[in-house]
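Here are some notes to help you find your way around this structure. Have a look at it first, then read on at your own pace.

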Amino acid sequence: TGWWGGVEPAAKDPILGVTEAFLADPSPNKVNVGVGAYRDDDGKPVVLECVREAERRISGNLNMEYLPMGGSIRMIEETLKLAYGENSELIKDKRIAAVQALSGTGACRLFADFQKRFLPDSQIYIPVPTWSNHHNIWRDAHVPQRTFHYYHPESKGLDFAGLMDDVKNAPNGSFFLLHACAHNPTGVDPSEEQWREISYQFKVKNHFAFFDMAYQGFASGDPERDAKAIRIFLEDGHLIGCAQSYAKNMGLYGQRVGCLSVLCEDEMQAVAVKSQLQQIARPMYSNPPVHGALIVSIILNDPDLKNLWLKEVKGMADRIIGMRTALRENLESLGSSLSWEHITNQIGMFCYSGLTPEQVDHLTNEFHIYMTRNGRISMAGVTTGNVGYLANAIHEVTK
Ligand code: PLP
């Protein structure tokens with residue numbers, strides 16, 4: 001049996017498994033609405049024009065040196081402005097400890113490790129449902145997990161009453177993981193008014209909000225609007241944590257560029273926290289990758305390129321919003337007796353369709369349509385060309 005005889009194959013990742021099955025299907029009609037990556041209206045992956053231009057500027061100016069342990073200072077500066085606001089006093093007062101992270105996943109993991117190291121008895125409250133990797137991240141950081149109500153299956157919307165009860169009933173000073181916008185997998189976000197109530201109750205209970213913001217700009221098309229939840233918490237004087245990612249909103253998936261920030265009481269505390277975050281990163285990967293960070297800082301430091309980026313994010317969000325309308329209208333015009341309002345009420349990359357695991361199996365086996373068995377449709381995989389086919393198949397399996 002040797003050294004590794006006791007090693008069993010790991011369970012397949014539910015999301016990556018869908019892509020494998022899709023690739024293996026020879027049908028010309030096959031549709032992949034499983035994967036959480038943007039596709040254009042021809043179903044092709046996209047490299048943004050602003051990114052292509054940044055690449056052109058880099059190519060004549062190669063530099064392969066290490067970044068500082070905490071990552072690119074210029075990238076972090078611009079990234080914090082997106083989350084905390086262009087003219088944030090918190091940034092000016094240097095109250096934010098921030099390090100470049102390996103995209104959103106790495107930012108969450110760094111935070112989870114930090115939480116464990118400095119508050120070893122703390123737990124994390126996670127919404128039901130959530131991005132499946134959240135469970136893995138806090139599990140591997142050895143932080144015990146609790147859950148809070150979030151999605152309401154009957155209305156296919158927010159279980160606001162359940163959420164507020166859980167917030168009230170959690171022990172004072174609990175940690176909560178919140179999706180800043182475009183909740184994955186449900187596409188259900190609290191309204192602005194609801195965020196204000198949540199923030200108020202967090203104040204009363206002295207809870208800590210950790211925002212995972214993987215889709216800034218992707219929900220509404222406007223990064224400022226998508227930062228609203230965070231801004232409300234800041235207005236109320238919370239000390240938050242935040243994971244940011246450029247995977248989706250800049251299409252830099254494989255570059256692994258993101259940022260973890262922790263808002264502190266003052267500059268001195270921020271310096272200490274940052275140094276500890278670096279200390280956690282050091283034995284894992286020493287310092288983060290340089291190329292993606294350079295792309296981001298070139299784009300965000302040049303007003304023209306930044307405007308181009310804003311236009312392109314809006315273009316992606318608008319295409320998705322348009323596909324939501326098209327999918328709903330197609331289902332309605334097929335005479336479906338079910339309500340499909342939630343398709344257009346939900347926001348961001350995903351539509352939590354309400355399809356059962358059996359209906360999803362049916363879609364896959366009969367219609368070659370691939371998605372996770374929780375009924376999550378990646379709207380980014382829906383195109384003018386396949387929306388009719390998709391609607392018809394959904395209608396057939398839900399009749
Ligand atoms: N958080 C959420 C809610 C996500 O949906 C994702 C990506 O699917 C991520 C974080 C992290 O993505 P990445 O590590 O590619 O930035």
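Which helix gives the most to the shell around the ligand?

1. Helix α5 (residues 103–118) does, with three residues. Helices here are DSSP runs of H or I with at least four residues, strands are runs of E with at least two, and both are numbered from the N terminus. Before going further, please note that this is a predicted model, in which local features need pLDDT of at least 70 and side-chain atom pairs count only at pLDDT 80 or more, while totals for chains, interfaces and linings use all residues. Residues are numbered from 1 along each chain as its sequence is written.

2. Staying with the ligand, 13 residues surround it, a residue being near if its C-beta atom, placed from the backbone, lies within 6 Å. The closest are Ser103, Gly104, Thr105, Ser245 and Ala247. By class, the shell holds four nonpolar, eight polar and one charged residues (nonpolar: Ala, Val, Leu, Ile, Met, Phe, Trp, Tyr, Cys and Pro; charged: Asp, Glu, Lys and Arg; polar: the others, Gly among them).

3. Now to the sheet: seven strands form an open, mixed one in the order β2-β10-β9-β8-β7-β3-β4, where two strands pair if DSSP finds at least two bridges between them. β2 (96–102) and β4 (145–149) stand at the edges with a single partner strand each, so one side of each has no neighbour in the sheet. Within the sheet, β7 (residues 175–179) and β8 (residues 208–213) run parallel and are joined by five bridges. Leu178 has Phe211 in β8 as its bridge partner.

4. What does Leu260 in strand β10 look like, buried or exposed? Leu260 is buried, because 29 other C-beta atoms lie within 10 Å (20 or more count as buried, 12 or fewer as exposed, and in between as partly exposed, with C-beta atoms placed from the backbone). Leaving aside neighbours within four places in sequence, its contacts include Ala98, Val99, Phe111 and Leu277; contact means C-beta atoms, placed from the backbone, within 7 Å.

5. Finally, a helix pair: α2 (residues 49–59) and α13 (residues 303–333) pack at about 150°, their axes 8 Å apart. Axes are lines fitted to C-alpha atoms, for helices over the stretch in contact, and angles run from 0 to 180 degrees between N-to-C directions. That makes α2 roughly antiparallel to α13, the term for angles over 145 degrees. Glu49, Cys50, Glu53 and Ala54 in α2 meet Leu305, Leu308, Trp309 and Glu312 in α13.

How values were computed:
Angles under 35 degrees count as roughly parallel, over 145 as roughly antiparallel, 65 to 115 as roughly perpendicular and the rest as oblique. Two residues are in contact if their C-beta atoms, placed from the backbone, lie within 7 Å.
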